[in-house]
Amino acid sequence: MKNNLLNTILRAAVLTAIVSALAACASAPTNAPTQGAKTDQSASDESSTASVDPFEKVNRATFDFNNDFDKAIFKPVAQVYADNTPSFVQTGIGNFFGNLNDVWTGVNSFLQGNFQDGFTDIVRVGVNSTFGLLGLLDIASEANIPKHKNDLGQTLGVWGVPNGPYLVIPFLGPSVTRDAVALPVDFYGDPWAYARPVSVRNTGDFIRLVDKRAGYLDSFNLMQDAALDEYSFVRDAYLQRIAGQIETRKNHKQLRDDEVETQKQNDEDAKANAAKSTDVPVATAPAP
C-alpha cells in the first residue's frame with residue numbers, strides 16, 4: 001500500500017518539478033532594439049505575445065525537443081501501431097481508456113456545477129462498463145448519450161482561475177500554468193493510475209499514448225506542412241481551444257436551464273392550445 005501511494009506521489013512530483021523548472025530557468029524576454037519605427041499594431045502584437053508567452057525562448061527550445069523526440073521515436077512507433085493493429089482493436093483500446101476518462105470527466109462536471117452533464121457522464125460509464133464489456137464497446141454513444149471531456153484545469157478556469165503564462169512541458173506538450181499545476185491532481189483522478197501490478201499500468205499507459213498519437217498522424221502532417229511558424233501556430237490554436245472550452249462550459253449550465261425552461265413553456269402552451277380547442281362551441285343545424 002505504501003509503495004502504491006509512493007508511486008502516485010512520485011508521478012505527481014515529477015510533473016510539478018517539470019513545471020517549476022520551466023518557470024525557474026525561464027526569464028521574460030527583453031525587447032531588442034530594431035531598426036526603423038514599428039507600427040502601433042506590431043507593437044501591440046508583441047505586447048500581447050509577451051503577456052501570454054513570457055517564457056517563449058525556453059518554450060521554443062522545449063517545443064523543438066518534443067518535436068525531435070516525436071520524429072525520432074514517438075511518430076515511428078505510432079505509425080507501426082497504426083499500420084499493423086487491426087482497426088477494431090484500435091477502436092476498442094480508444095473506447096476502453098475513453099470510458100475511464102469519463103469517470104474523471106463526471107467528477108469535474110459536478111465540480112463545475114453542470115449536474116446534468118455529471119449524471120450523463122455517470123450513465124455513460126455505467127452503460128459502457130456493463131453492456132460495453134468494460135468500455136471496449138461505446139454503447140453509450142450508440143444510444144445518443146453525449147460524451148464530454150473535462151479536467152481539473154478546465155474546472156479551475158470555469159471558476160475564474162486565469163490561464164497564467166503559456167508553457168510547453170517536456171514530452172507532454174502545450175499547456176498553461178493553471179493546467180500544469182492541476183496535472184498531478186488529474187493523475188490522481190485517473191482510475192488507471194491505480195491499476196496493479198505496476199507493470200500492467202505502465203504497459204497500459206504506453207499503449208494509450210501510442211494509440212492517441214496514432215490518431216493524430218494525418219493532422220500533425222497537415223499542420224507541419226501548412227504552418228509557417230509551427231510553434232506560434234500550435235500556441236495560438238491551443239490557447240483558442242482552451243478558451244473556447246472554458247467559455248462553453250461556463251455557458252453550458254445556463255443553456256441547459258434555458259432549454260428546460262423553453263421546453264416547459266412549450267408544453268404549457270401546447271396544453272393551453274389543446275384546452276382552447278375543446279372549448280370552441282360546435283355549431284348545430286337549426287331544427288326544421
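Ring pairs join Phe 63, Tyr 166, Tyr 231 and Tyr 238 into a cluster, where rings of Phe, Tyr and Trp (its six-membered ring) count as a pair if their centres lie within 6.5 Å, with planes under 30 degrees apart called stacked, over 60 edge-to-face and the rest tilted. The model is a predicted one, in which local features need pLDDT of at least 70 and side-chain atom pairs count only at pLDDT 80 or more, while totals for chains, interfaces and linings use all residues. Residues are numbered from 1 along each chain as its sequence is written, and side-chain values use heavy atoms, with hydrogens and water left out.

**Aromatic pairs**

A search of the whole structure finds 11 aromatic pairs. One of them is formed by Phe 65 and Phe 171, whose ring centres are 5.3 Å apart and whose planes stand at 75°, so the pair is edge-to-face. Phe 65 lies in helix H3 and Phe 171 in the loop between strand E1 (166–169) and strand E2 (173–176), so this pair ties together parts that are 106 residues apart in sequence. Helices (H or I, at least four residues) and strands (E, at least two) are here DSSP runs, numbered from the N terminus. Phe 65 counts as partly exposed at 39% relative accessibility, whereas Phe 171, at 54%, counts as exposed; buried means under 20% relative accessible area, exposed over 50%, and partly exposed in between (1.4 Å probe, protein chains only). In another pair, the rings of Phe 69 and Phe 74 have their centres 6.4 Å apart and their planes at 40°, so that pair is tilted. Phe 69 is partly exposed, with a relative accessible area of 28%, and Phe 74 is partly exposed as well, at 22% relative accessibility.

**Salt bridges**

The structure holds 12 salt bridges, a salt bridge being a side-chain nitrogen of Lys or Arg within 4 Å of a carboxyl oxygen of Asp or Glu. Three of these pairs are listed here with the distance between N and O atoms.

| Residue | Partner | N to O distance |
|---|---|---|
| Arg 60 | Asp 229 | 2.9 Å |
| Asp 102 | Arg 124 | 3.2 Å |
| Asp 236 | Arg 235 | 3.2 Å |

Arg 60 forms a salt bridge with Asp 229, and this pair links distant parts of the chain, with Arg 60 in helix H3 (residues 56–84) and Asp 229 in the loop between helix H10 (217–226) and helix H11 (230–279), 169 residues apart. Arg 60 counts as partly exposed at 27% relative accessibility, and Asp 229 counts as partly exposed at 31%.

Asp 102 forms a salt bridge with Arg 124; Asp 102 lies in helix H4 (residues 87–111) and Arg 124 in helix H5 (residues 115–130), so the pair ties together parts that are 22 residues apart in sequence. Both Asp 102 and Arg 124 are buried, and they belong to a network of salt bridges that links Asp 102, Arg 124, Asp 138 and Lys 147. In the salt bridge between Asp 236 and Arg 235, Asp 236 is partly exposed, with a relative accessible area of 35%, while Arg 235 is buried, with a relative accessible area of 6%.

**Surface patches**

Patches are made of residues with over 30% relative accessible area and no salt bridge, like charges being joined within 9 Å and nonpolar side chains (Val, Leu, Ile, Met, Phe, Trp, Tyr) within 5 Å. A negative surface patch is formed by Asp 258, Glu 259, Glu 261, Asp 267, Glu 268 and Asp 269, with Asp and Glu counted as negative, Lys and Arg as positive, and His and the chain ends not counted. The place of a charge is taken as NZ of Lys, CZ of Arg, CG of Asp or CD of Glu. Within this patch, Asp 258 belongs to helix H11 and is partly exposed, with a relative accessible area of 38%.

A nonpolar surface patch consists of Phe 131, Leu 133, Leu 136, Leu 137 and Ile 139, which together have about 490 Å² of accessible area, as given by the Shrake-Rupley method with a 1.4 Å probe, with only the protein chains shown counting as cover for residues. Ile 139 lies in helix H6 (residues 139–142).

**The chain as a whole**

The protein chain has 11 helices and two strands, and, read along the sequence, it follows the pattern α-α-α-α-α-α-α-β-β-α-α-α-α. Of its 288 residues, 34% count as buried.
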